[in-house]
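This report walks through one chain and the ligand it holds. Look at the sequence and the structure first, then follow the text from single residues to strands, a helix and the ligand shell.

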Amino acid sequence: MTTILDRLDIQGNILLPYGRSSYPLARHFIFHVRDQEEAQKFLSWIQPQITTAQFFPSKRSAQMQIPEDQLRKDTPEALLNIAFTASGLKALGVPNSVLRQFPDAFLDGMWERAEMLNDNRLDWNNAWKDDQHEQTTHLIISLRVAFNSCLKKVCLRRGDSFSKSDYHCQETFKLARSMMIKNLDQESRRLLDQAELHRLVALTGHSSADPESKWLECESLFRSRLQDLAIAGISDDQYLDDLDNQKKRRYVASSAELTDLRYSEYEHFGFFDGIGDPVFDGQYPAAFQAEMAQGQGHLSCGQWRPIAPGEFLLGYPNEAQETTCHPMPYTFSKNGTFMAVRKLEQNVTAFHNALVKQTPLMEHWLDQVECSSSSEQPSAASQFTKALKVLRAKLVGRWDDGTPLVHAPTYESWLSFRVRLLTLAGEARKGGPSAKEAWEQFKTKFTRFTFESDDTKGRRCPFAAHIRRSNPRDSGDPSLRNDSDPSETSQASSLLVNRRRILRRGMTYGSPSELMNENPIDHDSSISADSERGTFFVAICADLARQFEFMQQQWLNYGSDFNLGNDICPIAGALHPSVASDRKSTKVMISSEGPDGSCTLPFVAKPTPQPVVCRGGAYFFVPSLSAIRLLAENRF
Ligand code: HEM
């Protein structure tokens, strides 16, 4: 039986990944409460503006076939969500008898538990430092604004209809972007004015570059579509058609370079992100949810189904058929959850340079394992590109565009995968239902795979790769023997990971590095190799210790579960501050299979010891709308 959730009571950021291209610009404000009663008035003001989990009209809701009476009337121009730290709840008058029922991790807060996560508190930006009474983080408010409506307005002003092709020439893109920034400025001013009126202090010091800023701004990275095509070195008819269309409509001069821009899901190291996200019961309509659960849900006897809702929401049964902590009164905790927020700075230059340094060795290794018999000699540049791409993919477990290594373990198989993907996409655009069905089926390959059954020995996706460490899928399943009999793969289950999943809702901050820009485009913010950039990481789960902390501590910071000793995850692992300066390297063992299926000599990659550094963060309770009313009216 499908769980029916009260979507109007649940905050939208829990159930709905908002879409980095639909709402690509966000500001996160953190506040300190000075006066309980005033803060309660502020909550009464803000409560009707909070975005709930009600579906809104979009391409996706049409795909899900949401009945009209369950849809919001409009697509929101701005999204607003709120969450509280333990000291925030206290400052708002939540009695100790209620607070005591909350779990230790939340009550301690991230600042207290930083050492356990291998964070160095000295690296933290002031806004997050919880060492001064007046600076304590009490609540976070995240504002996001829509892009498509601005784009539509720009097109309409020009007297043209809004093209759903979604590929925009630079000029249109820039106009729409500045309109969106103006909208966010307006929303931010309104919020800060009300906060000040009610004696909430907006904490400053979100970065060392701008210590006075009252928010952390995040913006999705934008790219030219050519950059994506360049990855596989192929052209795309639809792209050329779109461009022709734009030229006909005089959006671009007929002599213009191909310079369309769009918001993307890429992160700063240049990988497509936001693919793997658990799907849980009640999140979507039943049929859509069953589809989405393939590769992202709970795997049992080779069958995927949605995860129990209690892994992500309080008040519902979890994977152990228990309710995860639910402090009383029940209305206060039900439909709420917890959120770990971390500002993760990415050192793109160090990461890139460390890989470039090892690329010649990788080239040599590839020569050996592939024993190529072809008489055609590829150019040195293409050999180098290939080796660098392989190295990058082996660290993450996916190629730059998100193609999983399990389905495309070699560079050549990746290129074929891309060609197949684009061919099917083209056929689906022009063809009938069967072509669309074939395209939909093919796309499930991005999430539908297992490790233990598909890649027992880690020869496709290394054990150390980021996605294998953060979601080992069916690895470690006690019902599968190591010398897997193929008939057993139908029995695969995700027993080890069902209780360790997190919903990721983060975004990138800072301007992109030129190093990752294969076709540099005209970004109007100044780009420099040393600019601050990274990911504002957000993990949502019902149990911070069992899910988020376990993943960071046991899977990303240590390798014991994968027989990797104390090698950290090459992307998001952190060394303990006491050893960070001595440990020059961490390694990633890359194995491969010879043409006859034999194991070849592994390549030992040495990426930069720690390309990601935590600059601060906190644990929050994300209450339901009913709980916010209780807080505003102090009814405990
Ligand atoms: C700046 C730091 C990070 C970067 C650049 C990064 C990058 C990525 C990329 C490129 C992917 C593959 C795309 C996808 O499957 O969605 C991914 C997946 C994932 N990452 Fe990270 N990540 C970072 C930090 C973290 C942290 C701190 C955690 C957890 C504590 C984490 C957990 C995950 C999970 C659970 C997945 C999905 C795996 C799956 O379901 O297959 N990541 N990340």
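A residue is buried if 20 or more other C-beta atoms lie within 10 Å of its own, exposed if 12 or fewer, and partly exposed in between. The model described here is predicted.

**Burial of single residues**

Arg 473 has 25 other C-beta atoms within 10 Å, so this residue is buried. Its place is in the loop between α18 and β12, a strand of residues 503–504. Leaving aside residues up to four places away in sequence, Arg 473 touches Thr 450, Phe 451, Ser 494 and Val 497. Ser 493 is 20 residues from Arg 473 in sequence, and the two C-alpha atoms are 7.9 Å apart in space.

The same count can be made for other residues. The table lists four of them.

| Residue | Other C-beta atoms within 10 Å | Class |
|---|---|---|
| Arg 473 | 25 atoms | buried |
| Asn 335 | 25 atoms | buried |
| Arg 199 | 16 atoms | partly exposed |
| Leu 197 | 12 atoms | exposed |

In the chain as a whole, 44% of the 636 residues count as buried.

**Overall make-up**

The chain has 21 helices and 17 strands. Among contacts with a separation of 6 or more, 73% are between residues 24 or more positions apart.

**Helix α9 and the residues after it**

How far apart are the end C-alpha atoms of helix α9? Helix α9 covers residues 170–197, and its 28 residues should span 40 Å at 1.5 Å a residue; the end C-alpha atoms are 40 Å apart, which agrees. The buried residues of α9 include Thr 172, Phe 173, Ala 176 and Arg 177. Met 180, Ser 188, Leu 191 and Ala 195 in α9 are buried too.

Leu 197 also lies in α9, but Leu 197 is exposed. Its C-alpha atom is separated by 8.3 Å from that of Glu 38, although the two residues are 159 residues apart along the chain.

Just after α9 comes Arg 199, which takes a positive phi of about 60 degrees. Arg 199 is not a glycine. Its place is in the loop between α9 and β5, the strand of residues 200–202.

**Two more backbone details**

Asn 335 also has a positive phi, near 70 degrees, and is a residue other than glycine. Asn 335 sits in the loop between α13 and β11.

A cis peptide bond joins Met 328 and Pro 329, with omega about 0 degrees. Pro 329 is found in the loop between β10 (303–305) and α13 (330–333).

**Strand β1 and its partners**

Why is strand β1 described as largely enclosed by the rest of the structure? Nine of the nine residues of β1, residues 25–33, are buried, so the strand is largely enclosed. Both of its faces are covered. One side carries Leu 25, Arg 27, Phe 29, Phe 31 and Val 33. The other side carries Ala 26, His 28, Ile 30 and His 32.

Strand β1 pairs with strand β3 (residues 139–145) in the antiparallel sense over seven bridges. In that pairing, Phe 31 stands opposite Leu 139. Four bridges join β1 to strand β6 (residues 216–219), and these two strands also run antiparallel. Here Ala 26 has Cys 218 as its bridge partner. Strands β1 and β5 run antiparallel as well, joined by three bridges, and His 32 stands opposite Val 201 in β5.

**Strands β11 and β17**

In strand β17, residues 612–622, 10 of the 11 residues are buried, so this strand too is largely enclosed by the rest of the structure. Strands β11 and β17 pair in the antiparallel sense over nine bridges. Thr 337 has Val 622 of β17 as its bridge partner.

**The shell around the ligand**

How many residues surround the ligand? There are 27, and the closest are Phe 271, Gly 276, Ser 470, Asn 471 and Ala 572. The elements that give two or more residues to this shell are β11 (337–346), α18 (466–470), β14 (534–541) and α19 (544–556). The largest share, four residues, comes from β14.

By class, the shell has 14 nonpolar, 10 polar and three charged residues. The shell draws at least three residues from each of domain 1 (25–224 + 265–344 + 616–633) and domain 3 (345–536).

Note on methods
Residues are numbered from 1 along each chain as its sequence is written. This is a predicted model: local features need pLDDT of at least 70, side-chain atom pairs count only at pLDDT 80 or more; totals for chains, interfaces and linings use all residues. A residue is near a molecule or strand if its C-beta atom, placed from the backbone, lies within 6 Å of it. Ala, Val, Leu, Ile, Met, Phe, Trp, Tyr, Cys and Pro count as nonpolar, Asp, Glu, Lys and Arg as charged, and the others, Gly among them, as polar. Domain bounds come from an automatic or database domain assignment. Two residues are in contact if their C-beta atoms, placed from the backbone, lie within 7 Å. Two strands pair if DSSP finds at least two bridges between them. The expected span of a helix is 1.5 Å times one less than its number of residues.
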